[in-house]
Amino acid sequence: MASEALYLGLDLSTQGLKAIAVNPALQPVCEANVNFDADLSHHGIHKGVIAPAGTDEVFAPVAMYLEALELVLGRLKENGLDLGRVKGISGAGMQHGTVFWSAKAEQLLAELDPEKTLAEQLAPAAFTHEFAPNWQDASTEEECGAFNIALGGPETLARVTGSRAHHRFSGPQILKFRKHHPEAYAATARISLISSFLASLFLGHITTIEASDACGMNLLNILTRTWHPALLSLTAGTPAAIPSLTAKLGPVSLDPSAPLGSISPYFTHRFGLNPACTIHPFTGDNPATLLALPLAQSSALISLGTSTTFLMSTPHYVPHPDYHLFLHPTVPDAYMFMLCYKNGALAREAVRDAINAKTGTEAEGEDVWAAFQRAMDAEKPLGRAEGSNVSRLGLFFPRPEIVPQAPAGTWRVLYDESTGGMTDVPLEGCPEWSVPEADARAILESQFLSMRLRARAMMTPQTDPADPAKKLPDQPGRVYLVGGGARSDAIVGVAGDVLGGVEGVYRLEVGGNACALGGAYRAAWGEEGGGEGFEEWLKGRWEEHKFAAKVGKGYDAERWPVYGDVLRGFEGLEAKAVGFGDVNHAAR
Ligand code: XUL
C-alpha cells in the first residue's frame, strides 16, 4: 500500500490555508494548516485581513497567500506525507475575492526558479495590486446600486446571475477597483478568483475561472453560462471596453470533469510533487463544502464557521434577491442554494461572552458554553410562558448583516401572535426578557428562523421514515451541521426544532476541514471517476458511519408548527432592522 495514490485538497480561507490528503478509500492520511495570524503576522493582518479603521474595506496581501502555500506544503512533508504519491490536486478558495495579475505574470509563472520562493519571484511584479479584496468588505454600496439597476432591478439581477448585487461580489469589487485604481486596472492582464489563483500557482500559468465560483461575481449569466454584456459594460465603463474586460476574466470553465493540466515543474523540483500529478478545477469554499458528502437533494448542510452558511443542492433554478443560487460545482444542471450570514459565530460568541461575564462561570473553569447552555435550557421555545401567544424575538448583528441586509445592532421584541403587535424590549427591567440570559435561546432561534424563512422555496414534501404512508410538512430530509458550532448541543437542538429534518440532525465528522476535504474528493473523482457522476461515485465510497453521526432527532411534530406560526412576526422584526438604513441601532 506504500505506493497507493493520494489526492490533495486545499482550502485558502480568510484566516488560514488548510491542506488534507486522502487515500483512494477517501480516508484522510495527512493534514497541515497555516494560520495567517500565527504564522504570517509580519503582513500586519488581524484574523487574516486588513480592515482599516473608519472604512468598510477588508482585504488581504496576496504575497501572504504565496508564503502560506509554501508553508503548508512544507508542513505536509514534515507531517510525513510523501508528496510524490499525490496524483491529483483540487481545492477551494474563499468566494468573491479577486487577484489582479500583471502583464508579466504569465512569464514569471512559467519561469519560476525552484531555488527561490514564490513570494520573492511573484510579488509584487506579477500583480497590479498587492491586495485581494475579502468577502467581508462592505465598501461597494455605490457600485451595488449600479449593478442592481443595470438590468432593471435586484429581482432581474438575481434571475440572471443567481444573486442581487452584494458588496462582496467580485463584479462590484472590480468596478470599484477600476474607479479607484484606474491605472492598475488598465495594467491588469488577468483577473483570478481566489480559487483560480491557487490553481494557477500549481499549474504555472493563469487558468480559467470555475463556473460555480464564477456565480459569486454578479457577472455571469447563469442561464446562458456566459459573461453578461451589460454587466461587463457597467464594470468596464463603456461597451467599447467590454473586450478588454472579457480578456482579463478569460473564459469560464464549464466542464466539471475536465482537468486543468499538469503540475508546474516549480512544485515538482521544490517540494517533490510528482510530474504526473494533475490539477483539477478549484472552486469556492462553499461549493467545495458541498462536495464533502453525498448530499441528497432534499437535505441541508449548515456550515457554522466565521460566516454561517446554509447550503442545499437543488435541480430547480428558482432565484430570488433574498438568497444565492450558484451552478453546482460537479453536477451539470444542478444548483447550489446558499444563504450566507456574516454574524453567525461572532454573534453567538458575543451572547455567550455576555452571559459568562455576568455569571462568572468561565473563571471557575467550566466549559465556555456551559452557562449559555443552561440559559437556553431554562427557557421554553420562543421564551413563551405557559399558554401564552407572546414570543421573544431578537436579532443580534455585531457587524452589518448580509441576510437581511441590515446595519449592525441588536433588536429585541415581544411579538403577540394573536394581534400581530410588536413591543420593543428595554435593556433593563423587562420582566419578560432578562438580558443577556434570555438572549441565548433567542439568538439561536433567530438564526434558524431566518434560514427556515428563506429556504421555504427549496423544501420538498416528506413522509415519515417510520411510516411512509404518513405525509409530513415540506422540510429537509436531513440537516447536516459542520464546523465549530456543530459541537454544541444547544445548536443541534434548536436546529432540529426550527428547521425540522425528518431523518434527523447529523454532525459531519470531518474536523474543521470540510472544504479542503471536498477538494480532495473532487481530485480523487477527477482521477478515478471514470466518467461516473460525482454524486454516484461518492455515494459508492462514502462510509457514512465514519463521517457523520446522528446527533438530534430533527422534526418535532409539536414544535414545528410553533416556529412556523411565528415566521410572520420574524419577518416583521427583520423589516424593522432593515428600515434602520445606514444608522447603527444603539448597541444594546
Ligand atoms: C459566501 C461568502 C463566505 C466566504 C467565506 O458568499 O462570502 O462564505 O466564502 O470564505
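Trainee: Contact means heavy atoms within 4.5 Å. With that in hand, which elements do the buried residues of α16 pack against?

Mentor: They pack against three helices: α15 (344-359), α17 (439-455) and α18 (489-499). Keep in mind as we go that this is a predicted model.

Trainee: Noted! Which residues of α16 are buried?

Mentor: Helix α16 covers residues 370-377, and its buried residues are Ala370, Ala371, Phe372, Ala375 and Met376.

Trainee: Any general reason why buried residues in a helix can recur like that?

Mentor: An α-helix has 3.6 residues a turn, so positions three or four places apart point the same way.

Trainee: What about just before α16, say Asp367? Where is it found?

Mentor: Asp367 sits in the loop that joins α15 and α16.

Trainee: Is Asp367 buried or exposed?

Mentor: Asp367 counts as exposed because its relative accessibility is 51%, and the cut-off for exposed is over 50%.

Trainee: And what does its side chain reach?

Mentor: The Asp367 side chain reaches the backbone nitrogen of Trp369, at 2.8 Å.

Trainee: Back to α18 for a moment. How many of its residues are buried?

Mentor: Nine of its 11 residues are buried, so α18 is largely enclosed by the rest of the structure. The buried ones are Ala490, Ile491, Val492, Val494, Ala495, Gly496, Asp497, Val498 and Leu499.

Trainee: What goes on at the start of α18, and what follows it?

Mentor: At the start, a side-chain oxygen of Ser488 comes within 3.3 Å of the backbone nitrogen of Ala490. After the helix comes Gly500, which has a positive phi, near 80 degrees.

Trainee: Let's switch to the ligand. Which residues are around it?

Mentor: The residues around the ligand are Met94, Gln95, His96, Trp135, Arg168, Asp285, Asn286, Ser307, Thr309, Met338 and Cys340. By class, that shell has four nonpolar, five polar and two charged residues.

Trainee: Which elements each supply at least two of them?

Mentor: Helix α14 (285-290) and strand β19 (335-341) each do.

Trainee: I'd like the polar side of this too. How far is a polar side-chain atom of Asp285 from the ligand?

Mentor: A polar atom in the Asp285 side chain lies 2.4 Å from a ligand oxygen. For Asn286, an N or O atom of the side chain is 3.0 Å from an oxygen atom of the ligand. In the case of Ser307, the side-chain N or O atom is 3.3 Å from a ligand oxygen.

Trainee: How much of the ligand does the protein bury?

Mentor: The protein buries 96% of the 290 Å² that the ligand exposes when taken alone.

Trainee: Which domains does the shell draw on?

Mentor: At least three residues of the shell come from each of domain 1 (6-287) and domain 2 (294-587).

Trainee: How far apart are the centres of those two domains?

Mentor: Taken over C-alpha atoms, the centres of domain 1 and domain 2 are separated by 28 Å. The contact between the domains takes 59 residues from domain 1 and 46 residues from domain 2.

Trainee: Now a lysine that caught my eye. Where does Lys176 lie, and is it buried or exposed?

Mentor: Lys176 lies in helix α7, residues 170-180. It is buried, with a relative accessible area of 9%, where buried means under 20%.

Trainee: A buried lysine, then. What does its side chain make a polar contact with?

Mentor: The partner is the side chain of Glu57, at 2.5 Å. Leaving aside neighbours within four places in sequence, Lys176 is in contact with Glu57, Asp137, Ser139, Thr140, Glu143 and His181.

Trainee: One more spot: Val86. Which strand is it in, and what does it touch?

Mentor: Val86 is in strand β5, residues 86-93. Not counting residues up to four places away in sequence, Val86 touches Leu6, Leu8, Leu81, Leu273, Asn274 and Cys277. Val86 counts as buried because its relative accessibility is 1%.

Trainee: And Thr55, to finish?

Mentor: Thr55 is in the loop between α1 (36-39) and β4 (59-61). At 37% relative accessibility it counts as partly exposed, and its side chain reaches the backbone oxygen of Pro52 at 2.8 Å.

Key
Residues numbered from 1 in each chain as written. Predicted model: local features only at pLDDT ≥ 70, side-chain atom pairs only at ≥ 80, totals over all residues. Heavy atoms only, no water. Helix = DSSP H or I, 4+ residues; strand = E, 2+ residues; numbered from the N terminus. Buried < 20%, exposed > 50% of the residue type's maximum accessible area, 1.4 Å probe, protein only. Near = heavy atom within 4 Å. Polar contact = N/O pair within 3.5 Å; in protein donor to acceptor, adjacent residues only side chain to side chain. Areas by Shrake-Rupley, 256 points an atom, 1.4 Å probe, with all protein chains shown as cover. Nonpolar A, V, L, I, M, F, W, Y, C, P; charged D, E, K, R; others polar. Domains from an automatic or database assignment.
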